Amino acid sequence: MAALDTPQPSTLRHAFGNVLSLFILLLIGVLAFSIRLFSVIKYESVIHEFDPYFNYRVTQFLTKNGIYDFWNWFDDRTWYPLGRVIGGTVFPGLTLTAGTLWRILNTLNIPLSVETVCVFTAPIFSAFASWATYLLTKEVKGVGAGLTAAALLAMVPSYISRSVAGSYDNEAVAIFALIFTFYLYIKALNTGSLFYATLNAIAYFYMVCSWGGYTFIINLIPMHVLLCIVTGRYSSRLYIAYAPLVVLGTLLASLVPVVGFNAVMTSEHFASFLVFIIIHVVALVYYIKGILSPQMFKVAVTLVVSIGLIVCGAVLAVLIALVASSPTKGWSGRSLSLLDPTYASKYIPIIASVSEHQPPTWPSYFMDINVLAFLVPAGIIACFLPLSDASSFAVLYIATSVYFSGVMVRLMLVLAPAACIMSGIALSEAFGVFTRSIKFQLPGVSQNSPVNAGDTGTVIQNDVVKTEKSEDSLKERPSRKNKKKEKDKTERASVVRQIEKRLLVLPLEASVIAIFLLVLLGAFYVVHCVWAAAEAYSAPSIVLTSRSHDGLHVFDDFREAYGWLRHNTEVDDKVASWWDYGYQTTAMANRTVIVDNNTWNNTHIATVGTAMSSPEKAAWEIFNSLDVKYVLVVFGGLVGYPSDDINKFLWMVRIGGGVFPHIKEPDYLRDGQYRIDSQATPTMLNCLMYKLSYYRFVETDGKGFDRVRNTEIGKKYFKLTHFEEVFTTHHWMVRIFKLKPPKNRIRGKTKKAKSKTSSKRSGTPKKNPWH
């Protein structure tokens, strides 16, 4: 009894390991949260970029009016005069998550503002994403790899760029949902538990609510299921992990208003249904094989395969009919641009005009994942030693994410978790080999080793013979002795594993040097990640800074312009600008805009692009027909801000010309080159965008030198006839112009008639028009 009461050393070691792992995970969560606070520490607690301002405005409406008004909200301040149904056109996951957090905090008497909750939502969920990465990698390769992968994800720059404090976009919660959904799928696959399979469907539902990238999940998991079937790895666990996801997950996804029947009607989801049919055919074949004789099984398989082919043919015929009836073959424009990188530039310039939809450069990989790019191949090799269902999924995940990240720079965000998982596996395996090599060569360890390397063959042979005998004895008589033999079998297996590890021993000096180099590599990664978080990705786009010989300069022109609009214009005034600034204008100036960042109506955006590309009078007529009162342009020629409207102007021409054929891109180019100097074309020099950007620009330095284009402008002195300048910010970055009212023709005719009458009364002779 005393022996039973005494805790075993292995049990204490296991318990200590669990406590240590929990403590490390807490530290990783704190690291993930704190490294994203540079934007608040260096600048202020403010929403970043463009899309987050719309999400913040929607969250304000939700917390103020409630969930039912949110679903039925028709926003008349966007896309005038069309408007927008907010509840049916947004992914509500981020908004509902932040609104729930705000309500919980206020219930606990923690009176934080909605803006503060929105600012810190992304750092909080980055900690959750790190813990989800630990769980996923643990299912693939163990605790050590999981902790390493979690630490890497907490700092990876690609994820930091979308999750710094203030980055209140859908990806803030979607990356956590993505990783957690994959974890629950692998957990259900490893355990065959219907409970985890149901949780997997619920996590998938949360992912659908959060981000349009959910289609990556509903295509990657069917690909893995099909891979397992083709390679002969089908099992009941695979069926349990997949079938509930398709049935329950699709039903839940269709409840999201922005998705609706697209969950069953678009080509992005057809792969999951096809694999769903295939796995049922395979399950039926395995079931029949278990209850029939070999002869009857061949007949039954022929029948099942024939029926299955007929059913698949019918399903494919229906799918082909549905796809053929769609001009885009059932795919959305963004999905087609992923499958064919040239599609957007050919047919949908509005998608190609977005900078984050461009292919990445090689330096961007080193910037966003750094040394992980060199560790990923080693992690892939480690996944094949040995290959399991979970490790094959990890390999498939990294392969697909590498492709998609090469098509669109925004999807580097999807690559980051996969790269961290693979790098965590590689580092964990490498540290295991090197530390084991040092351990086996330390004085006193080799003498106390229970098995020598020379006894390997004998032990393995004896183990095989004893295993066969134990299996025969187990079949003959189940008893306590069989349990003892089973225990002996487990012990022998552990001895064999220890021998195999012993065979991987490297020289002591090489192991020490290798560990030192790995630590040095990790230190370099940490330094790079901290620099990226503090300098590259912490600056909010709404407040810009630059350093020069005389110190730090802050450019707060955007808020200055939006504040002027809010305080100096009427509530019902309409503001026209390029679609990039629509969300910010609505949220910060509280004014109605013509287009915004939702980009759902290409014709409406093309109308604004055509106005900007047209001469002043024609542009005035277009804007006047839309009840526009103010036009806002962003200009960076004075301070060197490159993301201004002049640099975006060719996209306005292309988008406008795609709907209105009289706008032709070659008219704005000189010998195929885009110029704004004296060699610019007359069409370029007389378009509205040029005039609004460079109006009075020559007064700044007497030359009109554009610091972004590094040239003097071509047309320096001109006057506006249909627009008047009402406000220009301190650094000339935002300029606001007002449409002049139309001339009163009736009043003009009356004056002319009065003048004629007076001339007759005075006896003035009428002039001969031919003289």
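Here is a short chat between a visitor and a guide about the predicted model shown above.

Visitor: What kind of model is this, and from what number are residues counted along each chain?

Guide: This is a predicted model: local features need pLDDT of at least 70, side-chain atom pairs count only at pLDDT 80 or more, and totals for chains, interfaces and linings use all residues. Side-chain values use heavy atoms, with hydrogens and water left out, and residues in each chain, as its sequence is written, are numbered from 1.

Visitor: Which helix gives the largest share of the largest nonpolar core?

Guide: A nonpolar core here is a set of buried Ala, Val, Leu, Ile, Met, Phe, Trp, Tyr and Cys residues joined through side-chain atoms within 4.5 Å. Buried means under 20% relative accessible area, exposed means over 50%, and partly exposed is in between, using a 1.4 Å probe and protein chains only. The largest core has 182 residues, and Phe182, Phe558, Phe623, Val631 and Phe723 touch the most other members. Its largest share, 15 residues, comes from helix α10 (residues 171–191).

Visitor: How are helices and strands picked out, and how many residues are in the second, separate core?

Guide: Helices (H or I, at least four residues) and strands (E, at least two) are DSSP runs, numbered from the N terminus. As for the second core, its members include Phe54, Val58, Phe61 and Val90, and its size is 9 residues.

Visitor: Which residues does Val631 touch, leaving out those up to four places away in sequence?

Guide: Contact means heavy atoms within 4.5 Å. With sequence neighbours up to four places away set aside, the partners of Val631 are Ala576, Met612, Phe623, Leu692, Phe723, Arg735, Ile736, Phe737 and Leu739.

Visitor: Which helix supplies the largest share of the nonpolar patch on the surface?

Guide: Patches take residues with over 30% relative accessible area and no salt bridge; like charges are joined within 9 Å, and nonpolar side chains (Val, Leu, Ile, Met, Phe, Trp, Tyr) within 5 Å. This one is formed by Leu284, Tyr287, Ile291, Leu292 and Met296, with about 500 Å² of accessible area together, as given by the Shrake-Rupley method with a 1.4 Å probe, where for residues only the protein chains shown count as cover. Tyr287 is exposed at 54% relative accessible area. The largest share, 3 residues, comes from helix α15 (residues 270–291).

Visitor: How many disulfides does a search of the whole structure find?

Guide: A disulfide is a pair of cysteine sulfur atoms within 2.5 Å. Take Cys529, buried at 0% relative accessibility: its sulfur is 8.4 Å from the closest cysteine sulfur, in Cys420, so that is too far for a bond. Searching the whole structure gives a count of 0.

Visitor: How far apart in sequence are the parts tied together by Glu139 and Lys187?

Guide: A salt bridge is a side-chain nitrogen of Lys or Arg within 4 Å of a carboxyl oxygen of Asp or Glu, and the count comes to 22. Glu139 and Lys187 make one of them, at 3.1 Å, N to O. Glu139 lies in helix α7 (residues 114–141) and Lys187 in helix α10, so the pair ties together parts that are 48 residues apart in sequence.

Visitor: Are Lys691 and Glu616 buried or exposed?

Guide: The two side chains meet in a salt bridge at 3.6 Å, N to O. Lys691 is in helix α34 (residues 688–694) and Glu616 in helix α31 (residues 616–625), so this pair ties together parts 75 residues apart in sequence. Lys691 and Glu616 are buried.

Visitor: Which residues are linked in a network of salt bridges?

Guide: Some bridges are listed as pairs, such as Arg675 with Asp677 at 2.8 Å, N to O. The network links Arg162, Asp169, Glu171 and Arg410.

Visitor: Where is Pro386, and what is omega for its cis peptide bond with Leu385?

Guide: Most residues other than glycine have a negative phi, and most peptide bonds are trans. Pro386 sits in the loop between α21 (372–383) and α22 (389–407). A cis bond joins Leu385 to Pro386, with omega about -10 degrees.

Visitor: What is phi of Asn370 near?

Guide: Asn370 is in the loop between α20 (362–369) and α21, buried at 0% relative accessible area. Its phi is positive although the residue is other than glycine, near 55 degrees.
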